[in-house]
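Biologist: I am new to this structure and would like a close look at one part of it. Please start with a single residue, follow its partners outward, and then say how the rest relates to it.

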Amino acid sequence: MSGLTGADCQTCGACCAYSSDWPRFTMESEDALEKIPPHLVAGDLSGMRCDGQRCSALDGQIGVATRCTIYEVRPQVCRECQPNDEECLTARWAYGLGRVSE
């Protein structure tokens, strides 16, 4: 993993806005799911609700300043995405952002 800080991810946010298929629930316990505000959960309960491709829990402008409004209770798939991993780079590419400097 790179030496990136949380602030670097908060500048980007691309991973939270490039695919409505991304923020799926997979390994979350019932207790963990209950902590996510219901208005942010997809109607079929499969994952986070998205506005187009963008997760509804994402606040801000991609590539400028973003934040997850439910960071402490975000789904497992969100926790597993790491700076400069395949998912990160795919999302950054979709927004015309290059590789994050290490």
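**Asp-59 and its surroundings**

Modeller: Asp-59 is partly exposed, with a relative accessible area of 38%. This is a predicted model, so that value, like the others below, is computed from predicted coordinates. The side chain of Asp-59 meets that of Arg-67 in a salt bridge, with N to O at 3.5 Å. The pair counts because a side-chain nitrogen of Arg within 4 Å of a carboxyl oxygen of Asp is enough. Arg-67 is also partly exposed, at 44% relative accessible area. As a general point, side chains of opposite charge can pair when their charged atoms come close.

Next comes Thr-66, which belongs to strand 4, residues 65-68. Thr-66 counts as buried because its relative accessibility is 7%, and the limit for buried is under 20%. With neighbours within four places in sequence left aside, Thr-66 is in contact with Leu-58, Asp-59, Gly-60 and Gln-61, and also with Cys-9, Gln-10, Thr-11, Cys-12 and Gly-13. Asp-59 is thus a salt-bridge partner of Arg-67 and a contact of Thr-66.

Arg-67 leads on to Ala-57. Not counting residues up to four places away in sequence, Ala-57 touches Arg-67, Cys-68, Thr-69 and Ile-70, together with Leu-40 and Met-48. Ala-57 is one of the 8 residues of the largest nonpolar core, which also holds Phe-25, Ile-36, Leu-40, Val-41, Met-48, Cys-55 and Ile-70. Leu-40, Met-48 and Ile-70 therefore appear both as contacts of Ala-57 and as members of that core, where membership requires a buried residue. Apart from this core lies another, of 6 residues, including Cys-12, Ala-14, Ala-17 and Ile-62. Cys-12 is also among the contacts of Thr-66. In soluble globular proteins, nonpolar side chains tend to be buried together.

The salt bridge of Asp-59 is not alone, since the count comes to 3. Asp-51 forms one with Arg-49, where the closest N and O atoms are 2.6 Å apart. Asp-51 is partly exposed at 46% relative accessibility, and Arg-49 is partly exposed at 32%. The side chains of Asp-21 and Arg-24 form another, at 3.3 Å from N to O. Here Asp-21 counts as exposed because its relative accessibility is 53%, while Arg-24 is partly exposed at 29%. Arginine also takes part in a different kind of arrangement: Arg-74 lies over the face of Tyr-71, at 3.8 Å from the ring centre. Aromatic pairs come to 0 in a search of the whole structure.

Ser-20 sits in the loop between helix 1 (6-12) and helix 2, and is partly exposed at 26% relative accessible area. Leaving out residues up to four places away in sequence, Ser-20 touches Cys-50, Gly-52 and Gln-53. Ser-20 and Ile-36 are 16 residues apart in sequence, with a C-alpha to C-alpha distance of 17 Å. Gly-52 serves as a reference point again for Ala-94: the two are 42 residues apart in sequence, and their C-alpha atoms are 14 Å apart.

Ala-94 lies in helix 4 and is partly exposed, at 47% relative accessibility. The buried residues of helix 4 are Cys-88, Ala-91 and Arg-92. Those residues lie on the same side of helix 4, because they cover an arc of only 100° around the axis. The face turned away from that buried side carries the exposed residues Glu-86 and Trp-93.

Two loop residues remain. Most residues other than glycine have a negative phi. Leu-45 has a positive phi, near 65°; its place is in the loop between helix 2 (30-34) and strand 1 (50-51). Asn-84 also has a positive phi, of about 70°, and is found in the loop between helix 3 (76-80) and helix 4 (86-94). Leu-45 counts as exposed because its relative accessibility is 63%, whereas Asn-84 counts as buried at 11%.

Definitions and conventions. Residues numbered from 1 in each chain as written. Predicted model: local features only at pLDDT ≥ 70, side-chain atom pairs only at ≥ 80, totals over all residues. Heavy atoms only, no water. Buried < 20%, exposed > 50% of the residue type's maximum accessible area, 1.4 Å probe, protein only. Phe/Tyr/Trp six-rings, centres within 6.5 Å; stacked < 30°, edge-to-face > 60°. Lys NZ or Arg CZ within 6 Å of the ring centre and 35° of its normal. Core = buried A, V, L, I, M, F, W, Y, C linked by side-chain atoms within 4.5 Å. Contact = heavy atoms within 4.5 Å. Helix = DSSP H or I, 4+ residues; strand = E, 2+ residues; numbered from the N terminus. Arc of directions from axis to C-beta.
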